[in-house]
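Charged side chains and their surroundings are the topic here. Have the sequence and the structure open.

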Amino acid sequence: MSRSQARSLRVALVGVAVAVLAACGAPGGTVPAATPAAPAESVQPPTTAPVQLTVPAIDVHSGPLLDLGIDAAGALEVPPDAVTAGWFTLAPTPGSPGPAVIAGHVDYKGAPGVFQRLGDLNPGDEVSVARADGSTAVFDVYLVERYAKARFPTERVYGNTADAELRLITCGGVFDTGSGHYQDNVVAYARLVRVA
């Protein structure tokens, strides 16, 4: 990703960061509507697009990953159920230079989410992302942090990196019954170890 592309992505994500996974855990909450997509014939998915996520330390073995974009309200789209994770398609593909992003719920409509235990990850834990070309990008977690949504560090999470990295994002902290949303986000940071 070039510097100008990274800068444009960060500008677009300033609004996203404020509402990252806003619907996490909302009992009976609705998933925001997706923004209109380009016609299918004009879109060529990258051969390295992620198709499945495995995080043994927290028993995550996802089914197919969804494509996530930005919804009409400017927030990161969220998966439509508790157990599905999604790849943010405006970020790099996992294993490519820059920070790839995979998001999932901590819980949803009373069901445990795919990232229910994301905050339990520790440095050195392994994350594997199977890709459409048959390869697997393997990452090592180096940091797990929790941020208040009102002070989400956009640059730290989405800012360009020299090497291939991965961000796993979910909601966390206290659930605000008034708003129907969690007050925080949990972010796991990982670096690429190898592509097999």
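The questions below concern salt bridges and burial in this predicted model.

Q: What makes the pair R146 and D184 a salt bridge?
A: Their closest approach is 2.9 Å, N to O. The rule asks for a side-chain nitrogen of Lys or Arg within 4 Å of a carboxyl oxygen of Asp or Glu, so the pair qualifies.

Q: Where in the chain do R146 and D184 sit?
A: R146 lies in strand β9 (residues 136-148). D184 belongs to strand β11 (residues 181-195). They are 38 residues apart, and the pair links distant parts of the chain.

Q: Why is R146 called exposed?
A: Its relative accessible area is 55%. Exposed means over 50%, so R146 fits the term.

Q: Is D184 buried or exposed, and how do you know?
A: D184 has 11% relative accessibility. The limit for buried is under 20%, therefore D184 is buried.

Q: How do you know that R167 and E165 form a salt bridge?
A: The closest N and O atoms are 2.6 Å apart. That is within 4 Å, so the rule is met.

Q: Why do R167 and E165 each count as buried?
A: R167 has a relative accessible area of 2%. E165 comes to 9%. Both values are under 20%, so both residues are buried.

Q: Why does D133 count as partly exposed?
A: D133 has 42% relative accessibility. Partly exposed lies between 20% and 50%, so the term applies. Its salt-bridge partner is R131, which is buried at 9%.

Q: How many salt bridges does the rule give?
A: The count is 8.

Methods: Residues are numbered from 1 along each chain as its sequence is written. This is a predicted model: local features need pLDDT of at least 70, side-chain atom pairs count only at pLDDT 80 or more; totals for chains, interfaces and linings use all residues. Side-chain values use heavy atoms; hydrogens and water are left out. Buried means under 20% relative accessible area, exposed over 50%, partly exposed in between (1.4 Å probe, protein chains only). Helices (H or I, at least four residues) and strands (E, at least two) are DSSP runs, numbered from the N terminus.
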